[in-house]
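Trainee: I am new to this structure and would be grateful for a close look at a single part of it. Please begin with the overall layout and then take that part step by step.

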Amino acid sequence: MLSREEKNEMLADALDISRRANFRAVGIKTSNISASMDSYMHFLNGIQAVYGPFKYKYLKNPHPTHNNKL
């Protein structure tokens, strides 16, 4: 749950015209960039290769993943 202060901050941020313009500008610049799910999975596999297997609190022997698909 958000506190009343957090909600008010979010509302104030939403009403900020310059902030809205910044988000609009980013949307225009990135609208023609397409990334496939395969490239995203390749990125995640690369992260795991750099940092090693993800550590799980309740798993004694973590297993690295490969060939991930949704």
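**The chain and its third helix**

Mentor: Read along the sequence, this chain follows the pattern α-α-α. The model is a predicted one, and it contains three helices and zero strands. Helix α3 is the part to examine closely; it covers residues 37-51, which makes 15 residues. How far apart are the end C-alpha atoms of helix α3? They lie 21 Å apart, and this agrees with the expected span, because 15 residues at 1.5 Å a residue should span 21 Å. Just after α3 comes Gly 52, whose phi is positive, at about 85°.

The setting of this helix can be described through the surface of the chain. Of its 70 residues, 4% count as buried. The accessible surface of the chain amounts to about 7000 Å², and carbon and sulfur atoms account for 61% of that area.

One side-chain contact completes the picture. Side chains of opposite charge can pair when their charged atoms come close. The count of salt bridges in the model comes to one. Arg 19 and Asp 13 form a salt bridge through their side chains, with 2.6 Å from N to O; this pair qualifies because the cut-off is within 4 Å. Are these two residues buried, exposed or partly exposed? Arg 19 is partly exposed, as its relative accessible area is 36%. Asp 13 also counts as partly exposed, with a relative accessibility of 33%.

Methods. Residues numbered from 1 in each chain as written. Predicted model: local features only at pLDDT ≥ 70, side-chain atom pairs only at ≥ 80, totals over all residues. Heavy atoms only, no water. Helix = DSSP H or I, 4+ residues; strand = E, 2+ residues; numbered from the N terminus. Expected span 1.5 Å × (residues − 1). Buried < 20%, exposed > 50% of the residue type's maximum accessible area, 1.4 Å probe, protein only. Areas by Shrake-Rupley, 256 points an atom, 1.4 Å probe, with all protein chains shown as cover.
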